[in-house]
Amino acid sequence: MYIPKYFKVTDIDEIREFVHANSFGTIVTTKKGKPIATHLPLELSKKGDDFYITGHMAYGNPQWRTLETCEEVLVMYQGPHAYISSSWYGHENVPTWNYQSVHVYGKASILEEEELKQDLIMLLEKYEKHRKNPILWDKLSPPLLERELKGIVGFKIKVQEIQAAYKLSQNRNEEDYLNIVDQLHSEENLNSQQIAEVMKKRKKNMEK
């Protein structure tokens with residue numbers, strides 16, 4: 001991913017926080033030279049000194065058969081993004097786009113059944129536990145679980161490289177930056193408002 005120096009992020013804790021908040025990612029592999037992709041909920045975890053991404057695909061999805069044959073798998077995470085009008089600057093310029101994006105490269109392998117079960121238990125805990133009537137693993141019948149497990153393939157990706165780009169008007173002067181935040185807040189688009197909040201928080205953290 002092309003990342004100008006203004007927008008490069010290397011703080012691993014900040015990147016992990018972003019990935020956990022935007023965990024619906026895109027996995028890209030290749031088959032006979034053609035890129036193929038699947039959009040999935042994914043989990044990033046640390047074991048010892050290594051990071052792993054885990055998830056599962058439908059058995060009928062042919063991409064899972066390419067996971068172990070690819071030298072590297074690419075996982076992409078996308079956050080909010082918004083159009084930035086150059087009318088918001090105090091000088092003549094061209095419009096642009098603000099965004100947050102993380103690319104992760106790694107080597108994939110297929111999960112054993114017990115590993116897949118543990119990953120699914122964790123996934124249900126994350127998305128169900130806080131609900132009024134949570135549907136957790138032990139509340140589902142064994143026949144249903146057995147049937148559903150046959151229809152999916154679990155995988156893990158050992159992370160080898162992380163690239164993160166947060167293009168958030170860091171290269172603008174103070175006056176333009178604050179005006180961009182205000183203008184984004186006034187937009188009806190939810191993405192614009194979310195980017196404004198990210199920019200406000202980032203500026204506040206830098207001033208500490």
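This report describes the two largest pockets of a predicted model.

## Basis of the model

Residues are numbered from 1 along each chain as its sequence is written. Because the model is predicted, local features need pLDDT of at least 70 and side-chain atom pairs count only at pLDDT 80 or more, while totals for chains, interfaces and linings use all residues, and side-chain values use heavy atoms, with hydrogens and water left out.

## The largest pocket

The largest pocket (an open set of points on a 1 Å grid over the protein atoms alone, where a 1.4 Å probe fits, with protein on both sides within 12 Å along at least five of seven lines) holds about 450 Å³ of space, a volume being the space filled by probe spheres set on the points. Its lining has 15 residues (those with an atom within 4 Å of a point), and Glu14, Glu17, Gln100, Val198 and Lys201 are the closest to its centre.

Helix H1 (12-21) and helix H5 (190-207) are the elements that give two or more residues to this lining, helices being DSSP runs of H or I with at least four residues, numbered from the N terminus. H5 gives the most, with six residues. By class, the lining of the largest pocket has seven nonpolar, three polar and five charged residues, where Ala, Val, Leu, Ile, Met, Phe, Trp, Tyr, Cys and Pro count as nonpolar, Asp, Glu, Lys and Arg as charged, and the others, Gly among them, as polar.

## The second largest pocket

The second largest pocket has a volume of about 200 Å³, and the residues that line it include His56, Trp137, Glu148 and Ile152. Helix H2 (113-128) and helix H3 (142-149) each supply at least two lining residues, with the largest share, four residues, coming from H3. This lining divides into nine nonpolar residues, one polar and one charged.
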